[in-house]
Amino acid sequence: MGREHLLGIEGMPAERIKLILDTAESFKEVLERPIRKVPTLRGVSVANLFFEPSTRTRVSFELAEKRLSAELVNVSAASSSVLKGETLKDTARNIEAMKVDIVVIRHSAPGAPHFLARCLESSVINAGDGAHEHPTQALLDLLTLRERFGELKGLRVVIVGDITYSRVARSNIWGLKRMGASVALCGPPTLMPLRVEGMGVEVYHNLDQALQGADVIYVLRLQLERQKEGLLPSLREYTNQWGITAQRLTKLKQKFIIMHPGPLNRGIEITPEVADGPYSVILDQVTNGVAVRMAILYLLSGGKVEG
Ligand code: NCD
């Protein structure tokens, strides 16, 4: 069997998604034990390359690796002045020299993990590449939804906010559609990708309409730097039109849950009352992140562990 990677959700078969979620569920059981550590990946070495800021994803990968007893190194590359192609090539050579089994990479350039996968012997995991994909986030979201609803098929998920620049939205759209959920997107026209309907989603520009009948309201972080680019009139205007507030939610008749990948801009895309309220599963998402990443590390190094 050749090396396997986790580069994206696009094109991932439903059986593969299901296998990852089932495996993650069994690791959740490990995480509930008094000693949350198993020897499964003893002798497997992992390099975490984070070229972009990250708290949740980085800590989550690191905990997953430690709880599986893998050997890990953290390479944080704050070398924004170096050309991206050169940096990556250099990185790849260094990793090769260190004989690392699995490389976890977050990079601002879309396709960076794919590039490493082509030039390395290691398995590569995409921890977020530009505005392209964030597959482990989508998988932990799918696990959270499956736990809540029993199954993903038939769910109506409304993703709200900055869609264009969101790798979280993109990976979730692929994953949710593949598992039979329906996806609606809602946000300002300046933050909605052109021809996105081609991904099999509905597009709304009126939030109250979009939220009708939603089982899941998935709120995205407003990337505040967009404001400087003139894509938003003002923050107050954004909150008025697209903010998820308790007042807006009281108009809904159905049951629903609130998700957010973090980090939150409290008071901008979501009010603290909603983020910390009874409908929110935001911290369950974070908990599930560790189990999902353990499952992925385990599945990608399966051959080696048995050998
Ligand atoms: C996201 C990311 O970095 O893609 N955060 C995360 O990994 N949980 C979302 C974001 O930054 O908005």
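Biologist: What makes up the shell around the ligand, by class?

Modeller: In this predicted model, the shell has three nonpolar, four polar and three charged residues. Its members are Thr-57, Arg-106, His-134, Gln-137, Arg-167, Val-168, Arg-221, Pro-261, Gly-262 and Pro-263. Arg counts as charged, and Val and Pro count as nonpolar.

Biologist: Why is Gly-262 placed with the polar residues?

Modeller: The scheme lists Gly among the polar residues, so Gly-262 is polar here.

Biologist: What makes the pair between the ligand and the side chain of His-134 a polar contact?

Modeller: An oxygen atom of the ligand is 2.8 Å from an N or O atom in that side chain. The cut-off is 3.5 Å, so the pair counts as a polar contact. For Arg-167 the distance from a ligand oxygen to a side-chain N or O atom is 2.7 Å, and for Arg-221 it is 2.7 Å. Both values fall within 3.5 Å, so these pairs count as well.

Biologist: How much of the ligand's accessible area does the protein cover?

Modeller: The protein covers 90% of the 320 Å² that the ligand has on its own.

Biologist: Which pocket does the ligand take up, and what is the volume of that pocket?

Modeller: The ligand takes up the space of the largest pocket, with a volume of about 570 Å³. Of its 24 lining residues, Arg-106, Arg-167, Arg-221, Gln-223 and Pro-263 are the closest to the centre. Helix H2 (56-67), helix H6 (167-178) and helix H8 (225-228) each give two or more residues to the lining.

Biologist: How does the lining divide by class?

Modeller: The lining has seven nonpolar, ten polar and seven charged residues.

Notes
Residues numbered from 1 in each chain as written. Predicted model: local features only at pLDDT ≥ 70, side-chain atom pairs only at ≥ 80, totals over all residues. Heavy atoms only, no water. Near = heavy atom within 4 Å. Polar contact = N/O pair within 3.5 Å; in protein donor to acceptor, adjacent residues only side chain to side chain. Areas by Shrake-Rupley, 256 points an atom, 1.4 Å probe, with all protein chains shown as cover. 1 Å grid on protein atoms, 1.4 Å probe; cavity = no way out; pocket = protein on both sides within 12 Å on 5 of 7 lines; lining within 4 Å. Sits in = over half its atoms within 2 Å of the grid points. Points joined across faces, edges and corners; volume = space filled by probe spheres on them. Helix = DSSP H or I, 4+ residues; strand = E, 2+ residues; numbered from the N terminus.
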